[in-house]
Amino acid sequence: MGTNPDLARLTGDYTIDPAHSTLGFTARHAMVTNVKGKFLDFSGELHLDGTDPSRSTASLDVKMDSIDTGSADRDGHLKSSDFFKTDQFPTMTFRSTGAESLGGDDYRITGDLTILGTTRPITIDLEFNGAAKDPFGNERVGFEGKAQLLRSEWGLTWNAALETGGVLVSDKIKLNFDISAIRNA
């Protein structure tokens, strides 16, 4: 976690707390508005090295059936064979391959994202939000992150042409994360 000696105490293993974390995404819809969604069922582990951030790691498993965009019809379409094929590919995974300090509270993590059985690299920019002991005695750390990807690179190519030109769903997807993790006992 950079060169701050106070952060060395945060070195350890953590479990992501899904009740206090959000994995969200934004896609341009009909070329005029953004549709936002999130995944409700996920689990993950972090290993933080407060002395040498490059030795920090992260893993995440997301249940694709837990997608929630606020529209049952849209969620059903996203789970179908047009998009995520959740019956064949129930889980999306992320496994880090590298981490680095960018200075201050900013970090970058790279890793392999697997969707529809296709694994490709992705880079996530993170901001460390701090650490605190919660009322139950748990040591927590928090991060906010963002990334973007082209869904076509994972085989997510379904679309519909618009009469006015353009397409219904953008290829570029913005990812956003609010992560709260609890230190393992």
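Biologist: How many bridges join E9 to strand E10?
Modeller: In this predicted model, strand E10 covers residues 139–150. E9 and E10 run antiparallel. One of the residue pairings places Asp 125 opposite Lys 146 of E10. The number of bridges joining E9 to E10 is eight.

Biologist: Which residue takes a positive phi in the hairpin of E9 and E10?
Modeller: This hairpin has five residues between the strands. The positive phi there is near 85 degrees, and the residue that takes it is Gly 137.

Biologist: What is the bridge partner of Ile 109 in E9?
Modeller: Strand E8 spans residues 106–115, and E9 spans residues 118–133. The two strands run antiparallel and are joined by 10 bridges. For Ile 109, the bridge partner in E9 is Ile 124.

Biologist: Where is Leu 116, and is this residue buried or exposed?
Modeller: Leu 116 lies in the loop between E8 and E9, a hairpin with two residues between the strands. Leu 116 is not a glycine, yet its phi is positive, at about 55 degrees. The limit for a buried residue is under 20% relative accessible area. Leu 116 has 13%, so this loop residue counts as buried.

Biologist: What is the relative accessible area of Lys 85, which has a positive phi although it is not a glycine?
Modeller: The phi of Lys 85 is about 45 degrees. Lys 85 sits in the loop between helix H1 (72–79) and strand E7 (91–103). Partly exposed is the class between under 20% and over 50%. Lys 85 is placed in that class because its relative accessible area is 27%.

Biologist: Why does Thr 22 count as partly exposed?
Modeller: Thr 22 belongs to strand E2, which covers residues 22–29. A buried residue would have under 20% relative accessible area, and an exposed one over 50%. Thr 22 counts as partly exposed because its relative accessibility is 34%.

Biologist: Which residues is Thr 22 in contact with, leaving aside its neighbours within four places in sequence?
Modeller: Contact here requires heavy atoms within 4.5 Å. With the sequence neighbours within four places set aside, the residues in contact with Thr 22 are Phe 42, Asn 176, Phe 177 and Asp 178.

Biologist: What separates the C-alpha atoms of Thr 22 and Asp 41?
Modeller: Thr 22 and Asp 41 are 19 residues apart along the chain. In space, the separation of their C-alpha atoms is 9.9 Å.

Note on methods:
Residues are numbered from 1 along each chain as its sequence is written. This is a predicted model: local features need pLDDT of at least 70, side-chain atom pairs count only at pLDDT 80 or more; totals for chains, interfaces and linings use all residues. Side-chain values use heavy atoms; hydrogens and water are left out. Two strands pair if DSSP finds at least two bridges between them. Helices (H or I, at least four residues) and strands (E, at least two) are DSSP runs, numbered from the N terminus. Buried means under 20% relative accessible area, exposed over 50%, partly exposed in between (1.4 Å probe, protein chains only).
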